[in-house]
Amino acid sequence: MTKEYGLPCPVARTLEIVGDRWTLLIVRDLLAMGTRKYAELAESLKGIAPNILADRLKTLEEHGLVEREFYSEHPPRAHYKLTKKGSDLNLVMLALLQWGNRHLYDGVSIVHSACDHDVMLSVTCEHCGEHVRPRDMRRKFKRREAAIAAGVHV
C-alpha cells in the first residue's frame, strides 16, 4: 500500500505514487526496454514477489503512469507501457543514475547515441537560458499552505 504523507509538497505527492520499493525499478525497465509483458518485468526484477509486481503496476496504472493493453483474452494477458506522464520520469531516473554512479556504484551510464559520450543533466533557467548552480536557486512557494508546511512564515 502506498504511503500517504498528506503534505502540500510536490516531492511528497510524487513519492506517494512512486516511492514504494520496486516502483522506480519498474519505471526504469519500462523506460529502458519499452513495452513489456508481466513475465518479462518479473524476469528483469529478480526477487520481486508476484503480488508486489501486480500491486505496483496497478498503482502506476491508477495514476496514469502506465497503460495496460491486453494481447490475449483467454487467459487474460497484457503488455505494460509507460504513458507520456510516466515517460516524464526519465529525467528523474537519469538524475538518480548520475547520483548513484557518483556515490554508490559506477556501473552504468547514459550516452549520446551520435557521439557515444556521457549525457549529463544540467539545470537551465527557463527564461534566460543561463546555466543555474545550486547556490543560485531558491524555493518559491506558489501556495500558502506549502510555505506553512515547510516552516516558512508568509
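The exercises below work through the sheet, a helix contact and the largest pocket of one predicted model.

The model is predicted, so local features need pLDDT of at least 70, side-chain atom pairs count only at pLDDT 80 or more, and totals for chains, interfaces and linings use all residues. Residues are numbered from 1 along each chain as its sequence is written, and side-chain values use heavy atoms, with hydrogens and water left out.

**Exercise 1. Work out the order of the strands in the open sheet, and find which strands stand at its edges.**

Step 1. Strands (E, at least two residues) and helices (H or I, at least four) are DSSP runs numbered from the N terminus, and two strands pair if DSSP finds at least two bridges between them.

Step 2. Strand E2 (residues 66–73) and strand E3 (residues 76–82) run antiparallel and are joined by seven bridges; Glu 73 has Pro 76 in E3 as its bridge partner, and a hairpin of two residues links E2 to E3.

Step 3. E1 pairs with E3 over two bridges, again in the antiparallel sense, and Lys 37 has His 79 in E3 as its bridge partner.

Step 4. The order is therefore E1-E3-E2, with antiparallel pairing. E1 (36–37) and E2 stand at the edges with a single partner strand each, so one side of each is left without a neighbour in the sheet.

**Exercise 2. Describe how helix H2 (residues 23–33) and helix H6 (residues 90–103) are set against each other.**

Step 1. The axes of H2 and H6 come within 10 Å and cross at roughly 105°, where axes are lines fitted to C-alpha atoms, for helices over the stretch in contact, and angles run from 0 to 180 degrees between N-to-C directions.

Step 2. Because angles of 65 to 115 degrees count as roughly perpendicular (under 35 is roughly parallel, over 145 roughly antiparallel, and the rest oblique), H2 and H6 are roughly perpendicular to each other.

Step 3. With contact meaning heavy atoms within 4.5 Å, Leu 24, Val 27, Arg 28 and Leu 31 of H2 meet Asn 90, Met 93 and Leu 96 of H6.

**Exercise 3. Find which element gives the largest share of the lining of the largest pocket.**

Step 1. A pocket is an open set of points on a 1 Å grid over the protein atoms alone, where a 1.4 Å probe fits, with protein on both sides within 12 Å along at least five of seven lines; lining residues have an atom within 4 Å of a point.

Step 2. The largest pocket is lined by 18 residues, and among those nearest its centre are Arg 28 and Met 93.

Step 3. H6 gives the largest share of this lining, eight residues.
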